[in-house]
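Work through the exercises below with the structure open. Try each task before reading its solution.

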Amino acid sequence: MLFLSMLTAQNRAVLKGIATNLKDLVFVGKEGVTDNVITQVNDNLFAHELIKIKVQRSVNDEIKQIANTLAEKCDAEVVSIIGSKILLYKYTSKPKFNHLI
């Protein structure tokens, strides 16, 4: 599925800068994108807006495919993919949250 990104180049740059200090919050193992992984991603996106995901080397799927699947299922946007790391963003509806962008 192809969809237009709501993030501007400037937004992406800001989020990438913030992400340098983030730890990996979700790990995708050899089973790939499971219901449990999707739940973890959704929960962390709600809590933080921006999360870093580590894809283990044992995963057979391409990282771009995993990133797009997670973004689609979690209604989020892929900010970047570097090596085995995926950066996802989703505006949170959490009350009194200090939004990143």
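The exercises that follow treat a predicted model.

**Exercise 1. The sheet**

Task: Work out in which order the four strands form the sheet, and which strands stand at the edges.

Solution:
- Step 1. Read the order across the sheet. It is β1-β2-β4-β3, in an open sheet with mixed pairing.
- Step 2. Find the edges. β1 (24-28) and β3 (77-82) each have a single partner strand, so one side of each is left without a neighbour in the sheet.
- Step 3. Check the twist. Neighbouring strands are turned by 25 degrees against each other on average, direction ignored.
- Step 4. Take one pair in detail. β3 and β4 (residues 85-89) run antiparallel and are joined by five bridges. E77 has Y89 in β4 as its bridge partner.

**Exercise 2. Helices on the sheet**

Task: State which strands α1 touches, and which strands α2 touches.

Solution:
- Step 1. Start with α1 (residues 9-19). This helix packs on the sheet and touches β2 (50-55), β3 and β4. The direction of α1 makes about 55 degrees with that of β3.
- Step 2. Move to α2 (residues 35-48). This helix also packs on the sheet, where it touches β1, β2 and β4. Between the directions of α2 and β1 the angle is about 165 degrees.

**Exercise 3. The two faces of α2**

Task: Test the length of α2 against the expected span, then locate the buried residues of the helix.

Solution:
- Step 1. Compare lengths. With 14 residues at 1.5 Å a residue, α2 should span 20 Å; the end C-alpha atoms are 20 Å apart, which agrees.
- Step 2. List the buried residues. They are V37, I38, V41, N44 and L45.
- Step 3. Place them around the axis. They cover an arc of only 135 degrees, which puts them on the same side of α2.
- Step 4. Look at the face turned away from that side. Exposed residues D35 and N36 are found there.
- Step 5. Ask what covers the buried residues. The cover includes β1, β2, α3 (63-74) and β4.
- Step 6. Go past the end of the helix. E49 follows α2, and its phi is positive, near 70 degrees.

**Exercise 4. Two asparagines**

Task: Classify N44 and N68 as buried, partly exposed or exposed.

Solution:
- Step 1. Take N44, in helix α2. Its relative accessible area is 17%, and the cut-off for buried is under 20%, so N44 is buried.
- Step 2. Find its contacts. Leaving aside neighbours within four places in sequence, N44 touches L25, V26, E49 and I51.
- Step 3. Take N68, in helix α3. At 48% relative accessible area, N68 is partly exposed.
- Step 4. Add a distance. The C-alpha atoms of N68 and N21 are separated by 23 Å, and the two residues are 47 residues apart along the chain.

**Exercise 5. The nonpolar cores**

Task: Find which elements supply the largest nonpolar core, and which residues have the most contacts inside it.

Solution:
- Step 1. Recall the general trend. In soluble globular proteins, nonpolar side chains tend to be buried together.
- Step 2. Describe the largest core. It has 19 residues, and V28, V41, I53, L70 and L88 have the most contacts inside it.
- Step 3. Assign the elements. β1, α2, β2, α3 and β4 each supply at least two residues. The largest share, five residues, comes from α3.
- Step 4. Inspect V28. Leaving aside neighbours within four places in sequence, its contacts include V37, I53, I66 and L70.
- Step 5. Look for another core. Apart from the largest one lies a core of seven residues, among them L15, A19, V79 and Y89.

Definitions and conventions. Residues numbered from 1 in each chain as written. Predicted model: local features only at pLDDT ≥ 70, side-chain atom pairs only at ≥ 80, totals over all residues. Heavy atoms only, no water. Pairing = 2+ DSSP bridges. Axes fitted to C-alpha atoms, helices over the stretch in contact; angles between N-to-C directions. Contact = heavy atoms within 4.5 Å. Buried < 20%, exposed > 50% of the residue type's maximum accessible area, 1.4 Å probe, protein only. Expected span 1.5 Å × (residues − 1). Arc of directions from axis to C-beta. Core = buried A, V, L, I, M, F, W, Y, C linked by side-chain atoms within 4.5 Å.
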